[in-house]
Amino acid sequence: MKMAKKIFLTVVFLIFIFGSSAGARVYLDVNQPTLIQIPIVLAKWKNVDKTPAALSEKGYEILANDLTLSGFFRIVDYHHLPPPLQGKTGIPEMLVLNEWTPAGGEILLAGEILLDPAGLNLKLRFHLFDLIEQKHLVGKEYEAPVQSLRTMVHRMADEVVLQLTGEKGVNNTKIAYVSRQTGNKEVFLSDFDGSNIRQITRNQSINLSPAWSPDGRKIAFTSYLRRNPDLYLVDADGKNSRRFLDSPGLNAAPSWSPDGKRIALMMSRDGKSEIFVVDNNGGNPKKITRGHGNEASPTWSPDGRQIAFVSDRSGSPQVYIMSDEGTDIRRLTYEGSYNTNPSWSPKDDRITYCARVGGRFNICTIGTDGSGLQRLTSGSGDNENPSWSPDGRYIAFSSTRAGASKIFIMHANGLNPRPLTQSKGGESSPAWSRRFE
Amino acid sequence: MSKKSLAILILILGIGLIMTGCPKKVVKTEEPTVKLSEQKAKTDAERAKEAKEREAARIKEQEAAEKEKFEKSLTTKKEPGIQGQVSESSLIKDVHFDFDKYDIRPADAEILKANAAVLTKNPNVKIQIEGHCDERGTIEYNLALGERRASSAKAYLVSIGIPASRISTISYGKERPLDPAHNEEAWAKNRRAHTIIVAK
């Protein structure tokens, strides 16, 4: 957390050198059902003054990986350029932009990096060019302590995604998830690109369903440490873990309201799971479901006025929507006999959930009006626990497609699935953070 | 004194003797009778007391035997990461459930009756019923299902006379499978309400 703050304070403004505006052109409509990837040429970065080549190589690698992971680009690596262009570095003059035409891309990204003589601060500069129309799109410069190279490059990648797709990337986000790699279910964090993996809980207990507070500072989760599924809070750096709700029975599946003031969760005070809403200090618990069914997995609408949840009141688990007071209940899913794990898109009126189809579990999305059902996974093991990225463009989920359950990330239309980490598996319950600016 | 009057005197005396003698005899015979019945009453009470004591001793012995039997049936359950010293009894058996169901099946009701008999014989024992699910389905919905399974088993025990205060419940959802295999046989084993001993 401290680190993040430091970066926040020292990263410097953006400079538009060429003064040309990026214009309103969106190069990629990411809402298309099929995705055409933009071919982008990544020229070799220039090491300004005595900046060690290792730094530019590292930064280049992070950027290429970020842009690949975004799924929006086909990377043309400088190693694969025609020989005259392979070693070409630095920001090209507009007049010689046409020499990049043989590179075979629509967009050129040129970058340079400067380590100050004291070896403490890095300056990172990049420019984007449209090689088809032979024009400059944008140029920006970042400055931060040398150890923040990765964060700076992520920010750069976010900017490239913004310029070419109309919305900023999610490279500075984290995913919390549960991993069994220690033998117990513990909460872990990973950056969007699978780096910076950190273990957050170390209690050797059963820890479930991590959920980020909207401000990105805290994670709520359920732990069996005291022989009851109690709700805990822990700071995002793994410190200050504290028991938060310990009503006998379930205190599980937390979901923060978008304003961070309330938490919806499963509680079972009368021997049956119901949806409750509590204040973010644990006070004022209110039961908002009534009836004979088992109620599970609440998720808030982006405006904080509605909650989608699972209920088996009809005889099988299905997704329902109600107001945050528990009124105006309506059933959302009708197809299939096992629809669970809803997650409400932070950006629009879609809900992703887990459906059992033919004995296998798959990720689906559906409009909150019940229209436009799409199945995003199929024929690839069991796929569960979907969670939206903060821009609503990606879904993280757990999948057994490669053997033991692992976290995967795919586009919201189901394309480009890729594993989050290189672990051996045993992962579940991904939860996506907001962007860390 | 004539012979006649002497004879009368003797007769009178004799009668008097008889009359006085008879009561004497009665008293004499009655006294021991009263003492006897008193004695008898006393011994009856003693006997009852003794019998009661014997019975109490027998019950105590039986209880001790039951307790010993119960104690012998126990194994300590070790769960790092979950606080509290608890044990499992081989006398208290699991009940099982159908997929996505939480109702007690008739054969399992018999198991719960047998479990209740053990609990009646060991009145200080407090239990926790754990609801478990198979690996299919999502973590959170299975938590709800496991909760309901534990509650079903508890409700049955309460309905046949075990005080609710002796039974707590916990749902482990699909987090603690008995059999880690991924097949029907394992799944059937894993859909269960398991009982642990939390106090005795």
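This tour moves through a predicted model, from the cores of chain A to chain B and the contact between the two chains.

**The cores of chain A**

Begin by selecting Ile175(A), Ile219(A), Leu265(A), Met266(A), Ala308(A) and Ala396(A). These are the residues with the most contacts inside the largest nonpolar core, which has 85 residues. As a general principle, nonpolar side chains in soluble globular proteins tend to be buried together.

Keep Leu265(A) selected and display its surroundings. Apart from neighbours within four places in sequence, Leu265(A) is in contact with Leu231(A), Asn251(A), Ala252(A), Ala253(A), Pro254(A), Phe276(A) and Pro298(A). Then select Leu109(A), Ala110(A), Ala144(A) and Met152(A), which are included in a second, separate core of 42 residues.

**A helix pair in chain A**

Next, select residues 53-70 and 149-165 of chain A, which are helices H2 and H4. Their axes lie 9 Å apart, and the helices pack at an angle of about 40°. H2(A) and H4(A) are therefore oblique to each other. Their crossing is right-handed.

To see the residues that make the contact, display the side chains on each helix:

- H2(A) contributes Leu55(A), Lys58(A), Gly59(A), Ile62(A), Leu63(A), Asp66(A), Leu67(A) and Ser70(A).
- H4(A) contributes Leu149(A), Arg150(A), Val153(A), His154(A), Met156(A), Ala157(A), Val160(A) and Val161(A).

Coloured by class, the contact of H2(A) with H4(A) shows 10 nonpolar, 3 polar and 3 charged residues.

**Ile351(A) and its surroundings**

Move to strand S23 of chain A, residues 350-357, and select Ile351(A) within it. Ile351(A) counts as buried because it has 23 C-beta neighbours inside 10 Å, and the cut-off for a buried residue is 20 or more. A distance label drawn from Ile351(A) to Thr368(A), C-alpha to C-alpha, should read 6.4 Å, although the two are 17 residues apart in sequence.

Residues up to four places away in sequence not being counted, Ile351(A) touches Ala308(A), Val319(A), Leu332(A), Pro342(A), Ser343(A), Trp344(A), Ser345(A), Thr365(A), Ile366(A) and Thr368(A). Ala308(A) was selected at the start of the tour, among the residues with the most contacts inside the largest nonpolar core.

**Two serines with positive phi**

Select Ser297(A) in strand S18, residues 295-300 of chain A. Ser297(A) is not a glycine, yet its phi is positive, at about 50°. Ser297(A) is buried, with 32 other C-beta atoms within 10 Å.

Then go to strand S30 of chain A, residues 427-432, which holds Ser429(A). Ser429(A) also has a positive phi, of about 55°, without being a glycine. With 29 other C-beta atoms within 10 Å, Ser429(A) is buried.

**From Leu208(A) towards chain B**

Ser429(A) leads to the next selection, Leu208(A), with which it is in contact. Leu208(A) is found in strand S10, residues 207-212 of chain A, and counts as buried, with 23 C-beta neighbours inside 10 Å. Phe221(A) is 13 residues from Leu208(A) in sequence and 5.8 Å from it in space, C-alpha to C-alpha.

Leaving aside neighbours within four places in sequence, the contacts of Leu208(A) include Val178(A), Lys185(A), Phe221(A), Thr222(A) and Ala252(A). Another contact of Leu208(A) is Ile139(B), in chain B.

**The contact between the chains**

Now display both chains together. Their contact takes 36 residues from chain A and 20 residues from chain B. On the chain B side, helix H3 (139-159) and strand S5 (167-173) each supply at least two residues. H3(B) provides the largest share of that side, 9 residues. By class, the side of chain B that touches chain A has 8 nonpolar, 8 polar and 4 charged residues.

**Chain B itself**

Finally, hide chain A. Chain B has 4 helices and 6 strands, which follow the pattern α-β-β-β-α-β-α-β-α-β along the sequence. Of its 200 residues, 29% are buried.

End with helix H2 of chain B, residues 106-121, which packs against H3(B) at an angle of about 60°, with the axes 10 Å apart. That angle makes H2(B) oblique to H3(B), and the crossing is right-handed. Ala109(B), Leu112(B), Asn115(B) and Ala116(B) of H2(B) meet Ala153(B), Tyr156(B) and Leu157(B) of H3(B). These contact residues divide into 6 nonpolar, 1 polar and no charged.

Methods. Residues numbered from 1 in each chain as written. Chains lettered and ligands numbered in written order. Predicted model: local features only at pLDDT ≥ 70, side-chain atom pairs only at ≥ 80, totals over all residues. Core = buried A, V, L, I, M, F, W, Y, C linked by C-beta atoms within 7 Å. Buried ≥ 20, exposed ≤ 12 C-beta atoms within 10 Å, placed from the backbone. Contact = placed C-beta atoms within 7 Å. Axes fitted to C-alpha atoms, helices over the stretch in contact; angles between N-to-C directions. Parallel < 35°, antiparallel > 145°, perpendicular 65-115°, else oblique. Left-handed = near helix turned anticlockwise from the far one by under 90°. Nonpolar A, V, L, I, M, F, W, Y, C, P; charged D, E, K, R; others polar.
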